[in-house]
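Here are my notes for someone opening this one for the first time. Have the sequence and the 3D view side by side as you go through the points.

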Amino acid sequence: MSAVDIRGVSKVFGSGPGQVEALKDIDLSIESGQFVSLIGPSGCGKSTLLRLVGDLLPPTGGSLTVAGKTPHEARLSRDYGMVFQQATLLDWRSVRANVELPLEIMGASADERTARAEEMLELVQLGDFGGHYPWQLSGGMQQRVAIARALSFKPSLLLMDEPFGALDEMTREAMQDELLRIWERSKRTVIFVTHSIPEAVFLSQRTVVMSRRPGRITRIVDIDLPYPRDEDTREDRRFYDKVTEVREALREHE
């Protein structure tokens, strides 16, 4: 069973003369444990597709399953966590309390919440910051807290919508390294939306290239660079070749 299976999915916003066709005839299968990036021009429907998987929007047509369930059933089963461009942490709650929040909503005991939050903060290398508050952390550290929170209830799928888009280049690269370390340890399936070609190539096993609106999948580029990936990967000729391949795939449908 695929972690995510999308067949003939379309999405239209509005009706009549003002309607917008955001996605058309999307077919995509993602296996359990894969890291897949979605890339394409602004407005091509990358984030819309992620929101369809996450049950934040309903599709207009086609079928979509997450671990063999409808997106709504998967959400009720807490099969996925989500991380957005902004960390959306609660400033009045400590870092530890922010990570505990999903578990608190689920009714977990105080001991279970504390133990799991500590485990996740150690995973994102913030074990010494549980008593701090979000406003005391850098942007990159806040995003690491957001990742810890999204993983706190052990989802099988992690949905990430341009989580590093607001960070400076050096912090962004550091967060990419951090995310791969977390992914390799947690074995979660990841769908990652980005505008950055190098970021998509560095992180992913597969990069899904989308066209301008209405968004279609025009090519899937397999990224056969070995893991673990690091600074040497970014300087490898094969990395540049894959960046060029994805860039050319995007240009084909400009």
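1. Let's start at V201. Leaving out residues up to four places away in sequence, V201 touches T207, I223, L225, R229, F239, K242, V243 and V246. Contact here means heavy atoms within 4.5 Å.

2. A word on what you're looking at. This is a predicted model, where local features need pLDDT of at least 70 and side-chain atom pairs count only at pLDDT 80 or more, while totals for chains, interfaces and linings use all residues. Residues are numbered from 1 along each chain as its sequence is written, and side-chain values use heavy atoms, with hydrogens and water left out.

3. V201 and V246 turn up again in the largest nonpolar core, which has 46 residues; F35, I147, M160, L179 and F192 join those two as the residues with the most contacts inside it. By nonpolar core I mean a set of buried Ala, Val, Leu, Ile, Met, Phe, Trp, Tyr and Cys residues joined through side-chain atoms within 4.5 Å. Buried is under 20% relative accessible area, exposed is over 50%, and partly exposed is in between (1.4 Å probe, protein chains only).

4. Which helix gives the most to this core? Helix α5 (residues 139–151) does, with seven residues. Helices are DSSP runs of H or I, at least four residues long, numbered from the N terminus. Apart from the largest core lies another, of 25 residues, including I30, V36, L52 and L159.

5. Now the charges. A search of the whole structure finds 16 salt bridges, each a side-chain nitrogen of Lys or Arg within 4 Å of a carboxyl oxygen of Asp or Glu. Side chains of opposite charge can pair when their charged atoms come close.

6. Take R234 and D177: their closest N and O atoms are 3.1 Å apart. This salt bridge links distant parts of the chain, 57 residues apart, with R234 in helix α8 (residues 231–234) and D177 in helix α6 (residues 169–186). R234 is buried, at 8% relative accessible area, whereas D177 is partly exposed at 31%.

7. For a pair within one helix, look at D241 and R237, which meet in a salt bridge at 3.1 Å, N to O. Both sit in helix α9 (residues 237–251), four residues apart, or about one turn of the helix. R237 counts as exposed at 62% relative accessibility, and D241 is partly exposed at 39%. Elsewhere, salt bridges that share partners join D177, E231 and R234 into one network.

Technical notes
Helix = DSSP H or I, 4+ residues; strand = E, 2+ residues; numbered from the N terminus.
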